[in-house]
Amino acid sequence: MPVLLLAGGGCATVATVHPREAADIGSASRGSALEASLARPGQVTFQRVAFARWTGGRGAFIDRDDPRTAAVPKGDEEATIYAYVIDHPRFGRYLIDGGVSRALEPRLNPLMRRALQDLNVRIDRSIAEWLAAQTPPRAVFLTHLHFDHVGGVLDLADGTPVYVGAGDAEERNLMHRLTGRPADIALSGKGALREWTFTPDPDGVFAGVIDVFGDGSVWAISLPGHSPGSTGYLINAVDGPKLVTGDAVSTRLGWEQGMPQPLPASARAAAEASAAALRRFVAARPGVEVFLGHQSRTGQSD
Ligand SMILES: [Zn+2]
């Protein structure tokens, strides 16, 4: 969620001080192997679940200081907080992103609570409520550590493993100090964050790719820019490949019109390269279904 996007400075702090270790699953691979996996029958089921919504001024999603956004009229964007459920026939159930917890807000600092009230965040269901009728996930694969992606981890059982791209915990931003590091609260009770260690993709399809289960069914994709460790996921589902972009591209304005996000100057080039790699990949493979960070491709919220 692009709240309080302020460039890092002397008062900046990291996204989380939660302990970290290298991921215990997944192996670095290459873009051509990911591409080859698309030709094999999918074996994983995939579903998207909407947890909350908010309405925000368009300037929170596209960079109004960039002349490319000048023709986009003023107005609001409707945003949804999603998580994704994947069920692997051998390895079980996993979540992509953490959804929402009702227990998070009372533990946030006053500034962060105020920011949420200003955004009028409407919670449809929390992870705790969703879990009442669901098999709990064996682990969570995060797209990044911003609070609207990690918050619901608070509702998962203690010890549920949480995976995230290397570098994300170290994102230095004044925002994290002002908001009191909500990721620390969401991750309390969980073990060390398990970091995907990407190596450069020798095929140059993406910055890096990891074969999560070693069978080509689920891939973690390095998409730095929105945050240093931003990670997308490609799921070879039974009903076709699904690409979860995280906030590497969060809106239809970003995906369909290439509108840049408001980001610190130091992150813009990486963000544009990540978004361009995603667009190139999908343009060549129109059968890949795209799931943007906070909006659906069709405009329907769930
Ligand atoms: Zn977000």
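The following exchange examines a predicted model of a single protein through its fold, its sheets and its salt bridges.

Student: How many helices and strands are there in the protein, and how compact is the protein for 302 residues?

Tutor: The predicted model holds 8 helices and 14 strands. The globule rule gives 19 Å for 302 residues, and the radius of gyration is close to that value, so the protein is as compact as a globular protein of that length. The C-alpha atoms fill a box of roughly 50 × 45 × 35 Å along the principal axes. The radius of gyration itself is 18 Å.

Student: What share of the residues of the protein counts as buried?

Tutor: Buried residues have under 20% relative accessible area. Contacts with a separation of 6 or more come to 77% from residues 24 or more positions apart. Of the 302 residues, the share counted as buried is 56%.

Student: Which residues does UniProt list for the domain "Metallo-beta-lactamase", and how far apart are the end C-alpha atoms?

Tutor: The UniProt record, an unreviewed entry, lists residues 80-294 for this domain. Over that range the chain is 26% helix and 25% strand. The end C-alpha atoms of the range are separated by 5 Å.

Student: Which strands are the edge strands of the sheet of 8 strands?

Tutor: This open sheet has mixed pairing and the order S1-S9-S8-S7-S5-S4-S3-S6. An edge strand pairs on one side only. The edge strands are therefore S1 and S6.

Student: What are the bridge partners of Ala52 in S4 and in S6?

Tutor: Strand S3 (residues 45-57) pairs with strand S4 (residues 76-88) in the antiparallel sense, over 12 bridges. S3 is also joined to strand S6 (residues 122-123) by 2 bridges, again antiparallel. For Ala52, the partner in S4 is Ile81, and the partner in S6 is Ile123.

Student: Which residue in S9 stands opposite Glu21?

Tutor: Strands of a sheet pair through backbone hydrogen bonds, either parallel or antiparallel. S1 and S9 run parallel and are joined by 3 bridges. Opposite Glu21, the residue in S9 is Arg194.

Student: How many residues apart are Arg20 and Glu195, and is each buried or partly exposed?

Tutor: The side chains of Arg20 and Glu195 meet in a salt bridge of 3.4 Å, N to O. Arg20 counts as partly exposed at 39% relative accessibility, whereas Glu195 counts as buried at 11%. The pair links strand S1 (residues 20-22) to strand S9 (residues 193-196), and the separation along the chain is 175 residues.

Student: Which parts does the salt bridge between Asp124 and Arg53 tie together?

Tutor: The closest N and O atoms of Asp124 and Arg53 are 2.5 Å apart. Asp124 is partly exposed, with a relative accessible area of 34%, and Arg53 is buried, with 17%. Because Asp124 lies in the loop between S6 and helix H3 (127-131) and Arg53 lies in strand S3, the pair ties together parts 71 residues apart in sequence: that loop and strand S3.

Student: Which residue in S14 stands opposite Lys242, and where does S14 lie in the order of the sheet of 6 strands?

Tutor: The open sheet of 6 strands has mixed pairing and the order S2-S10-S11-S12-S13-S14. Its edge strands are S2 (27-28) and S14 (289-292), each pairing on one side only. Strand S13 (residues 240-246) runs parallel to S14, with 4 bridges between them. S14 is thus at an edge of the sheet, and the residue opposite Lys242 is Glu289.

Student: With which residue does Lys242 form a salt bridge, and is that partner buried or exposed?

Tutor: The closest N and O atoms of the pair are 3.4 Å apart. Lys242 is buried, with a relative accessible area of 4%. The partner has a relative accessible area of 52% and is exposed; that residue is Asp239.

Student: At what angle to S13 does helix H8 run?

Tutor: Helix H8 comprises residues 265-284. The helix lies across strand S12 (231-237), S13 and S14. Relative to S13, helix H8 runs at about 165°.

Student: How many salt bridges does the structure hold?

Tutor: The pairs discussed above are Arg20 with Glu195, Asp124 with Arg53, and Lys242 with Asp239. These are among the salt bridges of the structure, which number 17.

Notes: Residues numbered from 1 in each chain as written. Predicted model: local features only at pLDDT ≥ 70, side-chain atom pairs only at ≥ 80, totals over all residues. Heavy atoms only, no water. Contact = heavy atoms within 4.5 Å. Axes fitted to C-alpha atoms, helices over the stretch in contact; angles between N-to-C directions. Salt bridge = Lys/Arg side-chain N within 4 Å of Asp/Glu carboxyl O. Buried < 20%, exposed > 50% of the residue type's maximum accessible area, 1.4 Å probe, protein only. UniProt positions renumbered as here; feature names shortened; annotations may be inferred. Rg over C-alpha atoms; globule rule 2.2 N^0.38 Å.
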